[in-house]
There are 2 protein chains.
Amino acid sequence: MYTPSDFPPFAVTVDLVVLTVRGDALCALLVRRGEAPYRGRWALPGGFVQVAESVEAAAVRELSEETGVSGLHLEQLGTYGEPRRDPRMRVVSVAYLALAPDLPVPVAGTDAAAASWVPVGEASGLAFDHDRILGDGVERARAKLEYTALGTAFCSAEFTVAELRRVYEIVWGVSLDPRNFHRKVTGVEGLLVATGESTSRDGGRPAALFRRGVAEVLHPPLVRAPGP
Amino acid sequence: MYTPSDFPPFAVTVDLVVLTVRGDALCALLVRRGEAPYRGRWALPGGFVQVAESVEAAAVRELSEETGVSGLHLEQLGTYGEPRRDPRMRVVSVAYLALAPDLPVPVAGTDAAAASWVPVGEASGLAFDHDRILGDGVERARAKLEYTALGTAFCSAEFTVAELRRVYEIVWGVSLDPRNFHRKVTGVEGLLVATGESTSRDGGRPAALFRRGVAEVLHPPLVRAPGP
DNA sequence: GCAAAAGTGTTAAACATACACCCATGA
DNA sequence: TCATGGGTGTATGTTTAACACTTTTGC
């Protein structure tokens with residue numbers, strides 16, 4: 001144990017699945033690769049873990065570099081370590097999932113030709129095994145919306161119940177009853193904090209504005225159900 | 001990008017959280033370290049990922065080496081990559097969770113002084129950051145029992161409803177109503193397959209014996225509730 | 001017979017769904 | 001005044017928790 005032959009040349013990277021709700025679609029942040037391999041292909045943003053930084057810190061740093069924002073919800077998604085997933089060398093990649101509100105079009109990353117929001121339904125043929133990582137991230141996000149308060153992570157600081165409902169409808173691809181959804185989310189203690197303000201930006205009667213509360217889990221959970 | 005300086009000397013390992021229900025306690029498989037650092041301390045079994053093998057394959061291999069069994073449920077738990085978690089060098093470790101029936105006392109591993117089942121309540125002061133990894137594994141196991149069929153992974157090939165209930169009671173640390181539990185698990189389609197046999201090994205009226213079914217998820221989930 | 005555990009039936013309360021209905025605003 | 005979306009009330013059906021009760025074994 002612990003002889004030099006035990007330490008083959010591994011590189012460790014982080015890959016980021018950054019999701020947002022834009023228009024009518026769940027979108028992922030992708031970058032166009034400027035170098036071989038997979039030059040010109042879409043890929044997940046990411047990069048190498050530095051010697052002195054934790055893997056988590058590398059994810060936070062890359063996220064900030066690619067989106068220009070910080071403070072997003074960030075959680076580890078999984079680690080992908082097949083021997084030939086990168087044709088040049090042995091790379092083990094730790095994937096992270098971030099949920100973002102509808103940010104302005106992201107700045108082009110430091111070493112990426114272009115960065116853009118792409119609807120997840122149109123994102124395929126990505127570089128490396130990123131199709132699979134993105135799929136895992138979307139699946140995780142869908143599942144977490146059921147029993148955690150993460151739906152609010154897709155909303156801006158102040159939001160209406162209808163805006164939160166739209167997040168659920170788009171991420172799950174279903175229709176939800178506005179009346180029952182309203183009662184459900186306002187009934188979960190600690191999920192929403194009323195600001196006292198209201199807005200009529202959605203048309204019709206002004207809706208109350210809320211901020212995220214402290215609740216992390218949903219009791220009872222919201223359950224996916226088909227609509228009309 | 002991709003210059004030699006991007007590849008600092010990372011070692012990649014796997015660590016295994018192997019859990020079982022033994023007697024009245026949830027137990028983890030631990031090994032006594034035979035070498036520095038942390039010589040003499042309890043640690044999670046694990047080892048280095050080989051150059052040509054996938055991370056998942058390394059976990060399967062180590063599990064088989066440490067327990068002598070294969071075919072257990074094995075899932076990725078998370079990756080731990082703090083810079084100083086191993087005092088000698090930069091090590092990134094991918095942790096896996098395995099759930100096992102009450103196996104015979106494990107064989108001593110190839111490079112471990114001793115291997116033993118230790119109740120998770122008594123397992124602290126482990127080597128490296130293994131306290132945290134073990135805690136995360138136990139938490140994951142508890143959560144997964146709610147909405148997946150993994151409780152049966154703790155049972156031997158043929159088991160009674162009462163034995164499955166004991167798994168839930170011990171892992172969650174609660175009491176469950178035997179009548180309602182029986183109705184619930186036998187009502188989930190594909191969870192249990194009746195063998196037609198019965199046993200009176202638990203005393204009282206003989207209980208029907210079941211095998212694991214094909215169901216992976218529980219609809220509806222079992223929910224933790226406090227008992228008397 | 002008695003204790004112990006398996007398994008079934010029943011009931012009341014909690015919850016979810018569907019939808020009727022009223023409210024507040026912009027055009 | 002009408003269209004649009006916000007929000008409340010309520011009837012109906014489903015799920016669940018609690019527990020009374022019957023069954024089948026060992027001693």
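Which base atom of DNA strand D does a polar side-chain atom of R183(A) lie 3.0 Å from, an oxygen or a nitrogen? A base oxygen. Keep that arginine in mind. One caution before I go on: this is a predicted model.

Let me start with the two protein chains. A rotation of 179° superposes chain B on chain A, with 0.1 Å of shift along the axis and an RMSD of 0.1 Å. The two copies are therefore related as by a two-fold rotation axis. Which residue of chain B comes closest to that axis? F10(B) does, with its C-alpha at 2.9 Å.

Now the protein interface. Chain B puts in 31 residues and chain A puts in 33. Of the interface residues of chain B, 100% are also interface residues in chain A, so the copies meet through the same surface. Together the chains bury about 2800 Å². Carbon and sulfur atoms carry 63% of that area.

What about polar links? The rule finds 0 salt bridges between chain B and chain A. There are 11 residue pairs in polar contact, counting pairs with both residues at pLDDT 80 or more. On the chain B side, the elements giving two or more residues are β1 (11-22), β5 (73-80) and β6 (91-99). β5(B) has the largest share there, with 3 residues. By class, this side of chain B has 17 nonpolar, 6 polar and 8 charged residues.

On to the DNA, strand D. It is surrounded by 21 residues. The closest are A162(A), R179(A), G204(A), R205(A) and R179(B). Both chains appear in that list.

Which elements supply at least two residues each to the surface near strand D? From chain A, they are α3 (161-172), α4 (178-187) and β9 (207-212). From chain B, it is α4 (178-187). The largest share, 4 residues, comes from α4(B). This surface has 10 charged, 5 polar and 6 nonpolar residues.

How do the strand D atoms divide? Take the atoms within 4 Å of the protein: 48% belong to sugar or phosphate, and the rest belong to bases.

Here are some individual contacts. R183(A), our opening residue, has a polar side-chain atom 3.0 Å from a base oxygen of strand D. R183(B) also reaches strand D, with a polar side-chain atom 3.3 Å from a base nitrogen. A208(A) uses its backbone: an N or O atom there lies 2.9 Å from a phosphate oxygen.

Next, strand C. Here 20 residues surround the DNA. The closest are R179(A), N180(A), A162(B), R179(B) and R183(B). Of the strand C atoms that come within 4 Å of the protein, sugar and phosphate account for 48%.

R183(B) shows up on this strand too. A polar side-chain atom of R183(B) sits 2.9 Å from a base oxygen of strand C. R205(B) has a polar side-chain atom 3.0 Å from a base nitrogen. H182(B) places a polar side-chain atom 3.3 Å from a sugar or linking oxygen.

The elements giving two or more residues to the surface near strand C are α4 of chain A, plus α3 (161-172), α4 and β9 (207-212) of chain B. Which element gives the largest share? It is α4(A), with 4 residues. By class, we have 10 charged, 4 polar and 6 nonpolar residues near strand C.

To recap the helices: α4(B) gives the largest share near strand D, and α4(A) gives the largest share near strand C. The protein copies themselves are related as by a two-fold rotation axis. That's my tour.

How values were computed: Residues are numbered from 1 along each chain as its sequence is written. Chains are lettered from A and ligands numbered from 1 in the order in which they are written. This is a predicted model: local features need pLDDT of at least 70, side-chain atom pairs count only at pLDDT 80 or more; totals for chains, interfaces and linings use all residues. Side-chain values use heavy atoms; hydrogens and water are left out. Contact means heavy atoms within 4.5 Å. Buried area is the accessible area (1.4 Å probe) that two parts lose on being put together, summed over both. A salt bridge is a side-chain nitrogen of Lys or Arg within 4 Å of a carboxyl oxygen of Asp or Glu. A polar contact is a pair of N or O atoms within 3.5 Å; within protein, one must be able to donate a hydrogen and the other to accept it, and residues adjacent in sequence count only if both atoms are side-chain atoms. Ala, Val, Leu, Ile, Met, Phe, Trp, Tyr, Cys and Pro count as nonpolar, Asp, Glu, Lys and Arg as charged, and the others, Gly among them, as polar. A residue is near a molecule or strand if one of its heavy atoms lies within 4 Å of it. Copies are superposed by least squares on the C-alpha atoms of residues with pLDDT of at least 70 in both.
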